[in-house]
Amino acid sequence: MVPMSSNATAAGLCNFVDVSPSPFHVCRTVSVQLEEVGFVRVEETEAWPTEPGKYYLIRGGSLVAWSTHADGPFRIVGGHTDSPNLRVKQNPDLESAGWQMVGLEPYGGAWLNSWLDRDLGISGRLSVRDGNSLREVLVKVDEPILRVPQLAIHLSEDRKGVTLDPQRHVNAIWGVGNSPRSFVDYVAALEGVEPTDVLGWELMTHDLAPSAIVGVGSELVSAPRLDNQGTCYAGTQALIAAVAAPTDVTPVLALFDHEEVGSMSDRGAFSDLLNTVLERIVLGRGGGREEFLRTMAGSICASGDMAHATHPNYPDRHEPAHRIELGGGPVLKVNQNLRYATDSAGAGAFALACDQAGVPLQRYVHRADLPCGSTIGPITASRTGLSTVDVGAAQLAMHSSRELMGASDITAYADALAAFLAPAA
Ligand code: ZN
C-alpha cells in the first residue's frame, strides 16, 4: 500500500502561522490554500450548489470545508482557529504616569508572563459603516506598536518575580506624553477607514518575532499559536491530499473559533455550525432527513488539538508511563473522565490511519492528580452524536505567546489526518 502523504512541511507551517495572527486570518489563509486547488466558497444565506464539488464556508472566525465527490459517510477533522492572547478593550485609551497606554484584556488561558517585553502587532477585524449597512475590514498591523513591559527585578519583592494581575499588569504602552491619542482611530486610519465609521471591533495583539526552525539539527519549530494553528495547517494539507485521491467517504475539515473560551458562540463547537453544514451537504445531493441521520450514524470525527510533550525540566508533571516526545509522531489523547472524547473505536480508527500513513503513534494520558485540559472533542461528540477521537501533535509551552513543536511531527500529523480523511478500502 502506498502511504497517504500530504505536502505539509515545517517551513509551510511557519509561513501559515506568520500570516495568520487572528482567527479571521486563519480562515482567510486556509481559504486561499483551498481555492488554489479548486475549492469554491459558498454562503450560508444562498442556495448551495447541487453538483459534486469542493466547497467551503466561513462563519466569522470559523471555517468548514468539504468535498462531495462521493456520498459515503463523513470523515471529519476538527480543530480550532483561536489562540490565547491579549485583546483590546472597548475604551482602550488610558494614561498612566505620563505614558500613553492601550487597555488590554487576556483572551482564554494566556500564559501572561510570556507576553511581557515583546514587540506586539495588532490584528482582527472592524465593523465599518457603509451607507446604511456594514462591511467587515480585516486588520493586520505587523509593526511594533505595543509593548507590555515587565517590572524591573529590583522593584519586585525579594527579587522573586511578581504575580501578574490581568486587570492591572497587561496594559500596553504605545507612546509617551500627555497629548491623548485614540487607538481605534489610529487603527482605522492605517486601514484607510474613516474613524467615525468604525462601529465595532475585535482587535488583538500578536508577537512580531517570525516563526523559525530551530535547534542544532533544525528539528524544532518555534512559533506563536501552534495551539492550534498546527492543526489548522495540518488539517488543511490533509484535506487537500485527501481530495486529490478520493475514496467513498465525504471528507470534511471543521475549524472552530472560541475553543479557548469554552466554544459557546454562534460559530464555536457548541453552535449548530457543523450539524447544519453536514445536513445541507446531504440535502444538497438530494437526500432527506432520514439519509442525513443514517449518514451521521456511520461517520467519525478526529478532533485535532495540540498535545503536551514531556517537559525536560518538569518531567514530574507528566504521567511517567506515557512519555510524549517531539519528533515521535501524532498523539492519541485518552481521559477516563472524558475530558477527551476518545473511546476504543475512535482510537482504533486513528491508529489505523497512522498505520496506513506509515507514521508512529504516541498515547497521551494526563497525570491523575492534575486537572486535565479539554478541547472540542467532547463538545463535538455531544453536539453531533458522532463517534469522536481526540488527537494532536506534541508541543511544549502550550498557551505561551511562543510555543515549540517537532519539525517532523507536522508532516507526520498531516499525513495521519490525510489517511483518516481518505481511509484505504
Ligand atoms: Zn488548543
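User: What separates the centres of domain 1 and domain 2, and where do the domain bounds come from?

Analyst: In this predicted model, the centres of domain 1 and domain 2, taken over C-alpha atoms, are separated by 30 Å. The bounds, which come from an automatic or database domain assignment, give domain 1 as 10-83 + 224-421 and domain 2 as 85-207. The contact, meaning heavy atoms within 4.5 Å, takes 21 residues from domain 1 and 20 residues from domain 2.

User: What makes the area between domain 1 and domain 2 count as buried?

Analyst: Buried area is the accessible area (1.4 Å probe) that two parts lose on being put together, summed over both; domain 1 and domain 2 bury about 1600 Å² between them, with 57% of it on carbon and sulfur atoms. On the side of domain 1, Pro21, Phe24 and Ser401 lose the most area to domain 2, together 34% of what that side buries.

User: Why is the pair Arg267 and Glu202 called a salt bridge?

Analyst: The term requires a side-chain nitrogen of Lys or Arg within 4 Å of a carboxyl oxygen of Asp or Glu; the side chains of Arg267 and Glu202 meet at 3.3 Å, N to O, and therefore qualify. Across the interface of domain 1 and domain 2, the rule finds one salt bridge.

User: How do you know which atoms and residues enter these values?

Analyst: Residues are numbered from 1 along each chain as its sequence is written, and side-chain values use heavy atoms, with hydrogens and water left out. Local features need pLDDT of at least 70 and side-chain atom pairs count only at pLDDT 80 or more, whereas totals for chains, interfaces and linings use all residues.
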